[in-house]
Amino acid sequence: MSDAGGRGERLDALIVGAGHNGLIAACYLARAGLKVQVLERNPFIGGAAVSRRLYRDFTYSNCSYVCSLLRPEIMRALELPRFGLQIIPYEGGCTFMQGGGHLALYDNHDALRREIARHSVRDAEAYDRYARDVMRQCKFIKPLLMREPPDPTSFKPRDLKELLYLGQRFHRLGEERMYDTLRFWTMSAADFLDEYFESEIVKAHFAGSSIIGTALGPRSPGTAYVLLHHYMGDIDDTVGAWGFARGGMGAVTQALGRSLEASGGSIRTDAPVAQLKVRSGRTTGVVLEGGEEIDAPVVLSNLDVRRTFLKIVDAKDLPADFVERVRQFKIRGSSGKLNIALDGLPRFPAIPPGSPCTRGDMHVTDTVEMMERAYDDWKEGRWSRAPYIDMLIPTQIDPTMTPDGKHYMSVFVQYCPYRLAEGEWNAERRQGFGNTVIDTIARHSPNFKDLILHAEVRTPWDIENEVGLTEGNIFQGELTMDQLLFNRPVPGFAQYRAPVRGLYMCGSSTHPGGGVMGAPGANAARAVLKDLRRLPEAVS
Amino acid sequence: MASTTPYDIVVIGGGHNGLVCATLLARRGRSVLLLEAESAVGGAAATREFAPGFRVSSCAHLVHLMPARLIEELALERHGLEWASQALPTSTLVPAEAPVPGGGALPNGTALPIEPESLGADRAAYESYAAQLQRFARALAPVLGRVPPRLGTREWADIAGLARLGWGIRRLGRSDMRELLRIGGMNVYDLLEEHFTSSALKGALAFDAVLGTNFGPRSPGTVLTLLYRLAAGSAAGPRGLAQPRGGVGALSEALARAAAAAGVVIRTRAPVAEVMVENDRAAGVVLESGERIAARGVVSNADPKTTFLQLLGARHLDTGFVRRVKHLRARGLAAKLHLALDRAPALAGASGRLAGGRMLLAPSLEYLERAFNHAKYGEYSKAPALEITVPTLNDPGLAPPGQHVLSAVVQYVPYELKGGWEGERERLTGLCIDTLERFAPGLAASIVGAELLTPPDIEREFRISGGHWHHAELAFDQFYMVRPVPGAAQHRTPLPGLYLCGAGCHPGGGVMGTAGRNAALEILGSTTA
């Protein structure tokens with residue numbers, strides 16, 4: 001990564017952290033003519049959207065593993081395909097049943113209906129209604145993602161205007177739909193699914209996306225929203241479809257890095273920021289660990305809100321109640337990850353040979369009760385004895401990640417606590433967690449264990465230490481009602497601007513939250529540019 | 001035997017909301033007939049003899065949410081309502097092995113009063129927490145006394161109602177308003193963890209958020225249920241937790257007298273089979289005996305599922321509405337335990353004021369959450385969460401001289417038990433007794449009678465579908481503007497002339513009477529009744 005913006009060249013903005021949001025914010029600012037530099041602690045960029053070569057010549061997407069939520073407007077504006085990003089849509093997916101059966105998902109509508117009807121004819125009928133209702137909610141929310149949330153306690157014109165806009169959009173739904181939306185935002189995924197489906201396997205399959213990355217169970221109110229959060233992507237204009245980034249998720253951030261450099265921005269790796277410099281309530285730049293000072297009138301932090309305000313900003317430069325609120329912002333680790341190098345493709349006897357559904361994401365939780373019990377374990381400070389897993393073998397359609405005939409499997413696990421009730425994470429406990437997951441998979445694949453060449457086991461603690469996500473929480477903060485919209489991350493500070501002038505937040509701790517979406521980064525950049533127009537001398 | 005002149009209003013069900021609604025309508029000159037299936041009115045606000053010579057409030061055992069204004073308006077005290085005790089204190093039972101804030105743990109457990117002086121290091125935090133929640137409760141209280149506005153409305157009254165709601169919150173001031181918007185969607189576990197260190201205190205405060213709900217303390221939405229309880233308490237006035245003399249049934253009896261004095265005709269042992277529909281409107285009711293009674297309007301005190309699916313019938317409603325009613329979550333999650341004792345129990349050595357008050361067994365947040373976990377899967381916990389009163393300490397007339405009644409709500413008892421309730425009632429009763437024995441050695445030996453009402457028992461005894469005393473779960477998506485279901489949240493139903501007045505309406509149950517009162521106001525304001 002190049003080293004620039006040093007002596008002589010004045011920087012207009014610094015971005016702390018080269019996660020995807022920081023890179024996206026940097027790209028937008030660079031394209032607007034600002035001289036920007038991104039500072040990254042690790043020797044590699046990407047944060048949790050990375051491809052790492054951790055075992056011989058196997059590439060792992062070792063944190064984030066699928067792409068769907070990346071805003072298409074961002075992909076277009078930053079010309080990411082031109083800089084090497086290729087998203088391959090994948091088909092299918094399935095859930096294995098304890099008794100040996102399965103439920104497969106197909107892109108083809110008729111095939112899907114037939115498959116659901118195999119388990120319940122009534123559910124096959126209800127599926128269309130379900131998909132339509134969820135899509136309706138997605139369509140309502142989508143435009144809100146790229147907008148700054150209003151402050152409902154303020155009388156400023158921009159806030160009143162935005163509140164009015166939101167109120168009108170809501171009102172235009174019509175009475176019936178307004179009620180549906182209100183209920184949807186407050187229901188549990190389990191109750192929501194109960195209103196459509198009767199068979200456990202169908203409910204369990206759909207409920208999975210309501211708990212990904214979340215310290216809640218499918219029966220917790222508010223999880224219907226989380227389900228929606230994972231539906232909201234666009235791949236080739238198919239809302240809710242998922243895809244692989246060719247070369248792993250690192251391809252996303254690599255493309256962002258190239259786009260940034262092409263616009264005149266620069267990136268410094270191995271440059272950990274220790275402290276934000278503040279003078280008279282305004283930021284003047286940063287100090288790196290090691291003492292080097294880099295000046296800029298604008299700093300954007302891609303770190304989560306706790307790392308930003310409890311680590312690199314001095315408490316004396318912040319209002320006391322703001323610090324208190326930051327401490328209360330819940331960033332809880334609940335997810336683990338296994339990255340497994342395989343000597344061949346595992347057999348899944350429950351799936352007929354030649355079926356496309358093994359190319360999608362595979363699950364093993366076949367009842368909502370099983371998922372809820374997995375959550376109960378987390379509450380007790382244990383990893384789930386019967387965890388929910390989301391496993392993928394992207395090498396089936398992206399052969400670039402491994403040697404010929406070999407495969408990479410990504411396994412995302414709910415739930416895994418950041419802190420165990422029994423004590424700190426150590427090698428033995430990590431192994432225990434890994435074994436629980438591997439044993440769970442092996443129950444559905446008799447040759448699985450024999451094919452394992454290497455397994456990287458990552459607890460929330462590991463993820464935190466490697467990529468800097470507090471407690472390994474993939475959203476940089478829970479997506480619960482009290483931490484969304486104008487409450488995210490702190491009431492009164494939900495508009496990307498920190499209490500220090502010139503300091504902005506651009507990570508997933510801000511609206512609209514996380515997943516590899518990019519909206520926080522884009523929205524933060526927009527906030528910076530809006531503010532700079534009032535300070536013409538700072539625009540280069 | 002058909003009536004010749006139609007009544008203005010027939011009220012189905014003599015629960016307290018039905019009685020309140022009937023009385024207010026009659027006072028304004030309407031001719032009202034109230035039909036009660038059982039031999040006495042009161043519904044779940046009743047006093048029953050559960051063992052020879054021992055009487056107990058068979059469902060709700062304390063009155064603290066009925067607005068003082070309403071009690072005055074109905075002149076209930078003139079009609080015989082007396083209070084055996086008011087402003088009852090709440091204490092929490094701390095097990096012997098757990099720490100007591102402020103020290104002084106006792107060998108049989110300690111009854112810790114939830115009062116600032118007893119809270120040791122958490123005292124200051126408690127005072128500011130309680131004060132802030134009271135401010136929120138006061139701001140939200142007016143919402144309870146009004147019929148919810150309709151979304152998408154063009155009615156001036158509704159828009160004004162929404163504006164008033166927003167303004168009431170705005171008037172809290174920026175800092176309070178932000179905090180209310182922040183915690184409104186939270187779970188009570190996280191809220192209490194932010195403020196307090198004592199497990200005993202956190203457990204006790206969380207219990208008030210989950211009592212009567214289908215949530216655990218970690219469920220989002222439990223700050224809302226807590227605020228709801230506090231707001232209703234604020235609207236009720238300064239009486240606090242109160243015990244009517246003669247049990248809660250005496251309140252219903254006073255309501256019945258007030259109704260009769262206003263001209264309401266009350267018929268008991270008159271179960272209604274269905275609502276009569278003529279020309280697409282409610283035209284009266286048909287009793288199970290076959291008797292047809294004509295009326296210009298019908299008000300149902302029954303729960304929404306019973307009203308729409310049984311009394312009215314799906315054929316009179318469109319499929320979308322029927323689906324919503326079928327999906328209404330209305331399964332009770334609390335049981336009632338009644339013990340007849342031959343001497344006064346001494347739980348955790350409590351005496352005097354505390355013993356006659358409300359005692360909670362919820363020693364920590366985890367205790368409650370674990371009990372809730374079991375209920376999710378159709379099980380009950382071996383460590384039950386209890387809200388306990390010994391009403392005879394304030395009202396000796398409920399039992400023979402020197403003998404006592406213990407009345408407890410057992411939270412987290414599922415409606416549907418895995419494996420069925422056959423034989424399980426006794427086991428759960430024994431479990432509760434063993435649990436109480438740890439705080440009051442000798443209690444088990446003093447028992448001369450016992451009764452456990454599970455949610456299915458409550459369903460049967462009080463004719464509430466699902467056995468939930470709120471008639472439908474209290475949850476965000478079954479609250480206020482969408483309670484019980486969208487399209488029936490202003491006491492009106494899709495059938496002109498048919499109204500709802502029970503706990504299944506805003507603002508929910510809890511022996512409040514506000515639903516009945518709001519229903520009457522709505523009907524009086526309408527031009528068709």
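Author: Buried means under 20% relative accessible area, exposed over 50% and partly exposed in between (1.4 Å probe, protein chains only). This is a predicted model, in which local features need pLDDT of at least 70 and side-chain atom pairs pLDDT 80 or more, while totals for chains, interfaces and linings use all residues. Residues are numbered from 1 along each chain, chains are lettered from A and ligands numbered from 1 as written, and side-chain values use heavy atoms, without hydrogens and water.

Reader: Thanks! Are Lys330(A) and Asp482(A) buried or exposed?

Author: These two form a salt bridge (Lys or Arg side-chain nitrogen within 4 Å of an Asp or Glu carboxyl oxygen), with their closest N and O atoms 2.9 Å apart. Lys330(A) lies in the loop between helix 12 and strand 16 of chain A and Asp482(A) in the loop between helix 16 and strand 21, so the pair ties together parts 152 residues apart in sequence. Both Lys330(A) and Asp482(A) are buried.

Reader: How many residues apart are Glu466(A) and Arg52(A)?

Author: Their salt bridge has its closest N and O atoms 2.8 Å apart, and Arg52(A) is buried, with a relative accessible area of 19%. Glu466(A) sits in helix 16 and Arg52(A) in strand 3 of chain A (DSSP runs numbered from the N terminus: helices H or I, at least four residues; strands E, at least two). The pair links distant parts of the chain, with a separation of 414 residues.

Reader: How many salt bridges does a search of the whole structure find?

Author: Chain B has one between Arg353(B) and Glu115(B), with the closest N and O atoms 3.1 Å apart. There is also a network that links Arg183(A), Asp191(A), Glu195(A), Arg329(B), Glu473(B) and Asp477(B). Over all chains, the number found is 77.

Reader: Which strands stand at the edges of the open sheet 12-13-14 in chain A?

Author: This sheet has 3 strands with antiparallel pairing (at least two DSSP bridges for a pair). Strand 13 and strand 14 of chain A are joined over 3 bridges, and Val286(A) stands opposite Ile294(A) in strand 14. Each edge strand has a single partner, so one side of each is left without a neighbour in the sheet: these are strand 12 and strand 14 of chain A.

Reader: Which residue stands opposite Ile9(B) in strand 2 of chain B?

Author: Strand 1 of chain B is mostly covered, with 5 of its 6 residues buried. Strand 1 of chain B runs parallel to strand 2, joined by 4 bridges, and pairs in the parallel sense with strand 12 of chain B over 5 bridges. In strand 2, the residue opposite Ile9(B) is Val32(B).
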